[in-house]
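Thanks for making the time this morning. I would like to walk you through one strand and its surroundings, so please have the sequence and the structure open.

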Amino acid sequence: MSSSSAGDRLEPGIPFDNQAKEDIGGLTCTGDHSRHESAICLGNGEVKSRAVVKYSAAPPPTTYALLQEKTDLKLPPANWLRENPQLGSAGTTVLGSSSKCKPFSSFGMAYDFIDCIGDDVDVVSDSENIKKLLKIPYSKSHVSMAVHRVGRTLLLDELDIQELLRRSSQTGDWTWLKEIYQRLIDQKWQRKKKSKEHWYQKAILSKFLYYSINGDGAAEPVSDDMNQSDEEDGAEEYSSSWPATFTSTMTDAEEADTPKQESVSVDSKFALGQVTSVPKEQNLPTLFNEGENSQGLRNDFVRNIMWTFEDIHMLVGSNMPIFGGGRYPAVSLRLRDSNKPINILTGIDYWLDNLMCNVPELVMCFHVNGIVQKYEMIKTDDIPHLENSTFSTRVVKDIAQNILSFLKSNCTKEGHTYWLFKASGSDIVKLYDLTTLCEEAEEENYQNPFTLPVAVLLYKVASNLMLKVRQNRKHYAKIRTLLLNCVKLLDQEKHPQIIASAYYMLSELFQLDDPPEDDEGESLRAGGSEDSYSDEDREEEEGEEDDLTEDSDENGSYSNCSRPKDDCNAVAVIRSVGELSVPEKYKSTHQIRPSSAFPVSQDKEERCRHVLSCVLKGLKAVDSSIKKESDLPSADPNTPIPLKYEDGGASGTSEKGIALLLERAGFVQVDQKHPTRSGMIPGSWQHRMKLQLFLKASKAYYVLSDAATNLVKYGRALRYIKLSLQCYDAYCSISGTLHPQVLQFHSQCLSLCGDIQLMLAQNVTNRAAYLEEYSYQTKEDQEILHSLHRESSCQAFNMATDLAMDPEYQLFVSCKCYEATHELLISEALKDQSSDQLAQVLKRLGNIHNEMGVYYMNQAAAMQTEKEAKKSVSSAEQELWKKSFGFFENGMKDFEAIGDSTNTALLLCNTGRLMRICAQAHCTTSADESRGEFSPEEALYYNKAIDYYLRAMKSLGSRESHSAVWDSVNWELSTTYFTLATLLQDYAPLSRKAQEQIEREVTEAMMKSLKYCDLQTESARQPLYQYRAATIHHRLASMYHSCFRNQVGDEHLRKQHRSLAELHYGKAVSLFLSLKDAPCELLRTLLERVAFAEFTMAGQSSSVAKLKSLIGALEIMTETRHAFQLIHKELLEEQADSSEPAATESADSPDVASGSTSGLDLHEVMKLIGVFEPSLSFLLLQAIKLMTTIKRKPSNKDEETMKIYKNVYSKLLRTEKNAPLLSRVELYIELLQQLTPQTGSDVTGASKT
């Protein structure tokens, strides 16, 4: 069937004649399943009416046959009662609906035009029901209708009590209604049976219509007996509908002729079909085939019309025959007895029929006793003004608005069946809630036949909205309300498919990826449509009075207080039908609270819990429908399923066990043909539903695991990812093939599992807390697990998700998870997918390879420190080196594959460190357990380390690429060169190399180390670089000093060594002076420099030259004052700390704190003082001697200088050797201060310190 969007009814009409307002365009049909433009009918300018044909099964209108005068309509035409497309199928179009009551006709239309239900349409009903309602104030006839609410749409259906009670005596399916009817309604009330005159009028109307479509057919004279028989047959086969005013029921005589198959229980006719296919992107199961074949639910109207009457939008079903002819392309035909004037009820009937079908004119054929007299054409707009049939269209409009407001204000609960009843001859209209009355009844076997159609309609409207939910999240609340009301109506044992599907859709409402935006969240919290209700406020709302004007009696209030005292069962009452004619007497003022607000939560865990709750209910519904439960092992859902943890080590990390992980990761099998473990048939609705529910649960647990990981709750995260993978395992167990999107999701699960195992390996200290988190289980999780175990043992991923106590095993599992993820992503199924995830996995692989390399490297370093000194390199150490090196190499390949130069450099740096550990392991020891000579193996590994560091520098390119990593590599490279040079210098391999070669190698290594000492860049390492540079210069100066002392013969070389020693001593002193935490190093360097000056002086013969050298040495000695000042400061701090540790710590200035960070080696200080005192005494004594023995006459300045020298020398000699260190240091500072002005070499800058 074709359908039309809500917007169709908003399109303006296209009049055929723009000059005359009353010339309204009729319908032009192009054949079956036609859609038509709307045309506007204005009833004398008083009411607005617009009709859009949504569907028509009739062919285009053909001109009616004008019958000749005196034609006898009592004689049947040749084509009588034969099916004709112009009139529709016999029994539905010609004489209206079948005599069987059709309490579900509106549902058939609602199913076909599901887009309109809930929001766009106010009323869905048969046109006969609409007319009956609008004629209530004019008619004494009874009214009995069932009312159902879906969103803001009301479904109205005829509820022929007498017919249904007759049926209940045969089938038992309406017994509940009989009980309630007998309890509520006066038993004396009985509807009158139709007279023979009624059936006679129906028969000649039928013959007239058949004559009108077959004007050339000759009337066949038949005997009176046959004629009478035909009429009786017609009376039995058809009931009154169009154009009669009232709907009739069967007579007692007809009951016996009812076919037995009609008495099948209504419920049994709505058996569920297979789940139909739906668009893949929606993944929403549809439960009913389009166009239900179940009797009563089929939309069997000739046309469905979207009729807008004033501001009321109605979806109407009509069977009125429409013909062409006259001035308009569409007319309706009516037959009237000339002896009986048209009354107001008939006039309203004709007028409403034409308005609903957009027919601008009717043709009236008058007859006397079945003999045609004449034809008369009447415009639709003129019908309200016919003689004896005058009525106000405005009043009809008011009646329509009042009835709709009355129903909308009182039929508030979705899923409930309401009964609108007015007894024949009564002025009181009552509204009952049959669902509530059923629930209050003592009998438990009451079954409302409306329940399933209503539930299915709620489900279908929700399904339809789900297709739009991605575009507009405001539908969430509506869908949730619809689905919750749907599942509340259904019995899980009878309708598990709808329930399972509804819960699956409810789970789909909760977005697991990202929380909704703020503005969307507000719209969701505001609830659903204005007419949707939640269960929570229903009881509260039932007790409240509607907000009407003060004088309820005068205004016809239908609130609870206005019920008659003799009927407290009615929901609402209209005391007098005359009130319906009063404009706006009833207003739909019932304010709907936003109580059905969609539970929007910013908390991911809460959203996931909602999803899992829905999934569990859906799984229970599916499981309840599978019959092989007795074949399954019994399991108590209240008994928790333990999540085991393994305390395994490297020995337990078998490739065979992990192979399960990889095997399941690429799991694809052929289409299943045999039932699953629980007895499901592949391809059944249970099978498809379980696939969707398992996958949804797996995704929810994945999101929970990811959230727990972000909260550093790694035990909880591992438990959730275990559950996620168990759901996936069950999915694989029943799935024939795995879609690429499912495989991609699985790769994300394995990747997250790898992340969690890695985090657990790195956080060893919190194992007890993680174990407690991992072991905890909710009842919901247990029940979901039991449902999973109906299909699978869920053991495939145990090794990946068990909580081990060994970090090595956890790293191993993490690595295998990443490898399995990588294998998945490069597999045939996923190789064309986005490369972003592949890059992420390669990065993780590189990281885990680095972690494992570092782990084994640290193991090797620990083993090295524990072994005895004399032992050579063990095979266990070598095995650890190989493992570490292999992982580093693999990690480098991973990072190089994605062009990650920074991480490649880091792994190269780590490999360099591994080479240094290997070098340290090859350190030789001599017989006396002292350090032996520097071995070739050490040199080999140190040079390999240097190669890896240089490769790391090359990988980075420049410091700008990543300054932190660059600085780290730079430092390690400088350190390696320095270590190599130091070992070469301190443990020179003289047994293998010449002294000169070693010196060259030391110098080369030291200079390269110096090259990578970054002294300019301000960073945390700058002081370290300065200290190292100072140490290098000191060591080089010491080496050249030694060479100068030991060199014999080559004077040029000696001079070169002397100048180099002077140069490096000067640079070393300069750098040590800039540091505040190296006083001992500064003092040692200066003392060595003094010794170098003394040695130089010893080779001189001239007294003047010697004196000059002595003065220079004393100048160097005075520079030690800076070192002693630093030592003095640290000694004072230590003294203060020992007396007031807490107060001093809080009061330390930054300078003091920085000066004492390295601590003071008192033993080293005493050792250096032991060198300092004799050296200073010797220099002073020699200077005094030389100045005394020199032949030239001394100047005043020389005398003053010698006096100071003698004074300082005297004090040095009188120094107490056992005096406290602090006082001795203070004395040295004082003496050096005295010497400083005389030398003119205030290099220390005492005032600066």
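Strand S4, residues 143-150, is mostly covered, with eight of its eight residues buried, where buried means under 20% relative accessible area with a 1.4 Å probe and protein chains only, and where a strand is a DSSP run of E of at least two residues, numbered from the N terminus. Before going on, I should say that this is a predicted model, in which local features need pLDDT of at least 70 and side-chain atom pairs count only at pLDDT 80 or more, while totals for chains, interfaces and linings use all residues. Residues are numbered from 1 along each chain as its sequence is written, and side-chain values use heavy atoms, with hydrogens and water left out.

In a regular strand the side chains alternate between the two faces of the sheet. In S4 both faces are covered: Val 143, Met 145, Val 147 and Arg 149 are buried on one side, and Ser 144, Ala 146, His 148 and Val 150 are buried on the other.

Which strands, then, does S4 pair with, given that pairing requires at least two DSSP bridges between two strands? Five bridges join S4 to S12, residues 418-422, in an antiparallel arrangement, and six join S4 to S5, residues 153-158, also antiparallel. Met 145 illustrates both pairings, since its bridge partner in S12 is Leu 420, while in S5 Met 145 stands opposite Glu 158. S4 and S5 form a hairpin with two residues between them, and Gly 151 in that turn has a positive phi of about 65°.

As for the whole chain, its secondary structure comes to 40 helices and 14 strands, the helices being DSSP runs of H or I of at least four residues, and 56% of its 1249 residues count as buried.

Technical notes
Buried means under 20% relative accessible area, exposed over 50%, partly exposed in between (1.4 Å probe, protein chains only). Two strands pair if DSSP finds at least two bridges between them.
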